[in-house]
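Student: Could you teach me how to read the surroundings of a ligand?
Tutor: Sure, let's open the model and go step by step.

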Amino acid sequence: MELWEESLAQSITSLETLVERFPIDPIPLRPVVNRYPLRITPYYFNLIREIGDPIWCQSIPDPRELETDHLSEDPLNEEGNSPVPGLIHRYPDRVVLLVSSSCPTFCRFCTRKNRIFRCHSLPLNDSLQSWVKYLEANQSVQEAILSGGEPLLLTDDELETILSTLKMIPHIQILRINTRIPVTLPERITLRLSKILKRHHPLFLNTHFNHPQEITKESAEACAILSDAGIPLGNQTVLLKKVNDDPEVMKELMKKLLTLRIRPYYLHHMDPVKGTKHFRTSLNQGLKIMDRLRGYISGLAIPYYMIDLPGGKGKVPILPEQVERNGKTLRLRNYRGEVVEYLDEED
Ligand SMILES: *Cc1c(COP(=O)(O)O)cnc(C)c1O
């Protein structure tokens, strides 16, 4: 076993272990973990400083996950945009491949929290064959984005197989990996892995830091290994209530990311996902934060604030004029010129 596999095997998956470390009542959490399992790597767990802090809120089950919220299990209609299982084709030139259905740490706000275990049921090689067949027949696709689950939970050999197979399709020019591994299991980023990734350039990697507390010596080292392999690093942050919905926190996060050679890419407004209502903020709150970044910190450190339109209509950047002009119901125009109405949360 490699070091990271040993670490993964020590992950906290039971409320009993949680209760040994923190004085909490496990009873209200039992039904929550039956529905949405608990899993935290030892590394990420050790970043918790106190109950209710930003690491805690992102990874520890909360009874509010089971409240009736009228939100959707699949708000972006990913299943409707999956011509073959595990492949999401929404935009003309790029696809998302759900290469893994597990994660080292289950994020409580996950956009696929209701579906992840059924996203990917076939053995990886069978899926890969059906994806290749689809991609070969769809020449407009030039980029493949590996997502999941956590793509970097695959073994080095599995990753090598996927990447080289995709690269053999002539019109697939760009590879992208979306991963939270540098945040939750930085041990996984080994020199050996970086050498495999490096063989498949142009390959981009977007990681997922949500709070400055996640930027540590270990995560910085993991990102340095990737950067040194010539992999351009971006970051996607999700705007989360009580975690990072504060201009000063966001400013610190974005500035620190830049020192790690990570270019902030998107700040995502929360998707309306069943079981995540307690993480939702208003669009105004997101815009207020953006307003406190622009001009005050390097333009290199400023992400786009994005909303993924319900129903899979596509991502659009949110601009101040839209919210000021329209109040609670926004009319947002996607890349195809379709206008979609979006109801904002209370401030
Ligand atoms: C977000 C997303 C992409 C990538 O969009 P970019 O704006 O290029 O980052 C591609 N496909 C799907 C289905 C997505 O959700």
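**Reading the ligand site**

Tutor: A polar side-chain atom of Lys 315 lies 2.9 Å from an oxygen atom of the ligand. The model is predicted, so local features need pLDDT of at least 70 and side-chain atom pairs need 80 or more, while totals for chains, interfaces and linings use all residues. Residues are numbered from 1 along each chain as its sequence is written, and side-chain values use heavy atoms, leaving out hydrogens and water.

Student: Which other side chains have an N or O atom paired with a ligand oxygen atom?
Tutor: A polar contact is a pair of N or O atoms within 3.5 Å; within protein, one must be able to donate a hydrogen and the other to accept it, and residues adjacent in sequence count only if both atoms are side-chain atoms. Here, Arg 176 has such an atom 2.9 Å from a ligand oxygen, and Tyr 266 has one at 2.6 Å.

Student: Which strand gives the most to the shell around the ligand?
Tutor: Strands (E, at least two residues) are DSSP runs, numbered from the N terminus. Strand 1 gives the most, with three residues.

Student: Is Asn 114 buried or exposed?
Tutor: Buried means under 20% relative accessible area, exposed over 50%, partly exposed in between (1.4 Å probe, protein chains only). Asn 114 counts as buried because its relative accessibility is 10%. Its side chain also makes a polar contact with the side chain of Tyr 36, at 2.6 Å.

Note on methods:
Helices (H or I, at least four residues) and strands (E, at least two) are DSSP runs, numbered from the N terminus.
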